[in-house]
Amino acid sequence: MSRATATMTPLLGLDAPALERWFAELGEKPFRARQVSRWLHQRFVDDPVHMTDLARSARERLAAAATIAAPAVIRDTTAADGTRKWLFDVGAGNAVESVYIPEDDRGTLCISSQAGCALDCAFCSTGRQGFNRNLTTAEIVGQLWHANRALLADGIRAPWVEQGRAPITNVVLMGMGEPLANYDNVVPALRLFLDDNAYGLSRRRVTLSTSGLVPAIDRLREACPVALAISLHAGNDPLRDRLVPINRKYPLAQLLAACLRYLDRAPRDFVTFEYVMLDGVNDTTDHAHELAALVRDIPCKFNLIPWNPFPGAAFRTSPRARILAFQKVLMDRGFVTTVRKTRGDDIDAACGQLAGRVQDRTKRHIRMRVAAAATTAH
Ligand code: SF4
C-alpha cells in the first residue's frame, strides 16, 4: 500500500453521520454526503469521476482523499444451484467469504464480520482457524457492495432488479466471525444496510446471528435492532458449554432473558434459534423435548442445520431420519421448525468452509478434535 493510500479514507465504511462529518472536513455541504452515498451504495460506482451531479472540483477532492473498493476477490465460484461464493483477501494471509443464495422471491447474501473467530465453537470450521482480526466497516459493507455490483455486471435477472432494486434484498451476518464481538464496526455497517440513501433494506431483511454475547445483544437492542438469530445448538448448559464455549460466560438462562428483552424492539416478533444437528451429540428426540421445554416462553422459530463436514473434524452429520424426527417433536410442540437446505455443496458454501480450507493458521484444530471426541463420548 502506498503512503497516499494508507492515509486515504475508505468511503464504503462511513455511515451517514460519519460521511457528513468527513464532507464537512473537506469543506463540502452535508447534502453532498447523501448524494455520494447514493452513488456508492445504490449505483455502486467505484470512481468519483462518475458522480456526475458533483462539481468537478468536489470530484477531484474526493478522488484525492478517498478510496472506493471492496477487498480483493481471490476466488469467485458458482454452484450448480446458483449459489455463489466470493473469497476476499483481507491482507496478511487472511481470507473471508460471502455467499449469495438466490431464491425466487429474494436474493440473500451471507456476509462475514471477522477474519477467523475467537469463540472456538467445537463444530465450526471458522473457529478452527482461531481469531485473526476484526473486519473494518468498509470490509463488511464492501462484501455487499461487491456482490450487488458483480451480479448486476453479470446481468442478473430477477423481477425486483427489473424494477430498479438491487440484486441483494436480504443480508444475514452469519458468515465468518461473531458479529457482536466486532460491535463497533458492525453497527455502522448495519446502519448503512438500513439507510434509505444507501441500501435501504428494512430491519426485517437484515439478520444478525450471534452465539450469545448477552451485553452486546442488549446494546444492539438500543442501537440498531435488526432481526436476531441465536446459535443455540443445545438445550442444556453442560452440552452447550462444550459446543459453544461462550455459554460458560453467558449461560442459557441469561441468554434467553436477553432474547425476551430484545423482542421488545425487534422488527420481527420472534427470535430464530439455529441448531446444528450433530450425530449422537445433540440430535435425539429427548434433546428435542428438552429444547422445547427450555424455550417454551420465548416467541421463536427453529432452523435445524445439517452439519457440514470439513476435513479433520470429529463430528458426523445427523442422519436425515433423525433430523426429521427432531423436527417433528418441535413442530408437535407448536414451534415453526425448518430444516436448512444444503445449498452450494459443490463449492463448500457452508459457514467458514472455503476460507477454512484456504488457511489453517493455528493449532486450534488439534484442540477442537480433542474437544469433539470428548463431546461425542457423552
Ligand atoms: S460458530 Fe460462529 S461464533 Fe462459533 S466459532 Fe464459528 S464463527 Fe465463531
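Contacts in the protein chain, counted where heavy atoms lie within 4.5 Å, are mostly between distant positions: of those with a separation of 6 or more, 67% join residues 24 or more positions apart. The model is predicted, so local features need pLDDT of at least 70 and side-chain atom pairs count only at pLDDT 80 or more, while totals for chains, interfaces and linings use all residues. Residues are numbered from 1 along each chain as its sequence is written, and side-chain values use heavy atoms, with hydrogens and water left out.

**Whole chain**

Colour by pLDDT, the predictor's confidence in each residue on a scale from 0 to 100. The protein chain has a mean of 89, and 89% of its residues reach 70 or more. Now select residues 358-378, where pLDDT stays under 50; the model has 46 contacts beyond four places in sequence for this stretch.

Switch to cartoon. The protein chain has 15 helices and 14 strands, taken as DSSP runs numbered from the N terminus (helices are H or I with at least four residues, strands are E with at least two). Of its 378 residues, 56% count as buried, on a scale where buried means under 20% relative accessible area, exposed over 50% and partly exposed in between (1.4 Å probe, protein chains only).

**The nonpolar core**

Select Leu11, Phe123, Leu190, Phe193 and Phe273. These residues have the most contacts inside the largest nonpolar core, which has 112 residues. Such a core is a set of buried Ala, Val, Leu, Ile, Met, Phe, Trp, Tyr and Cys residues joined through side-chain atoms within 4.5 Å. Centre on leucine 11: leaving aside neighbours within four places in sequence, its contacts include Leu19, Trp22, Val36 and Leu40, and also Ile68.

**Proline 71 and histidine 146**

Go to proline 71, in the loop between strand 2 (66-67) and strand 3 (72-78). Proline 71 is buried, at 11% relative accessible area. Draw a distance to glutamine 143: the two are 72 residues apart in sequence, but their C-alpha atoms are 7.7 Å apart in space. Beyond four places in sequence, proline 71 is in contact with Phe88, Asp89, Val90, Glu139 and Gly142.

Next select histidine 146 in helix 6 (residues 137-153). Histidine 146 is buried, with a relative accessible area of 18%. With neighbours within four places set aside, histidine 146 is in contact with Ala70, Val73, Trp86 and Phe88.

**Two positive phi values**

Phenylalanine 44 has phi near 60°, a positive value in a residue other than glycine. Phenylalanine 44 lies in the loop between helix 3 (30-41) and helix 4 (56-65) and is buried at 5% relative accessibility. Aspartate 120 also has a positive phi, near 60°. Find aspartate 120 in the loop between strand 7 (114-116) and helix 5 (125-129), partly exposed at 23%.

**The ligand**

Stay at aspartate 120 and show the ligand. Its surrounding residues, each with a heavy atom within 4 Å, are Cys117, Leu119, Asp120, Cys121, Cys124, Thr126, Gly127, Gly177 and Ser211. By class the shell has four nonpolar, four polar and one charged residues; Ala, Val, Leu, Ile, Met, Phe, Trp, Tyr, Cys and Pro count as nonpolar, Asp, Glu, Lys and Arg as charged, and the others, Gly among them, as polar.

**Cysteines**

Finally, select the cysteine sulfurs. With a disulfide taken as a pair of cysteine sulfur atoms within 2.5 Å, the count is zero. Cysteine 300 is unbonded because the closest cysteine sulfur, in cysteine 259, is 8.8 Å away, too far for a bond. Cysteine 300 is buried at 11% relative accessibility, and cysteine 224 is buried at 5%.
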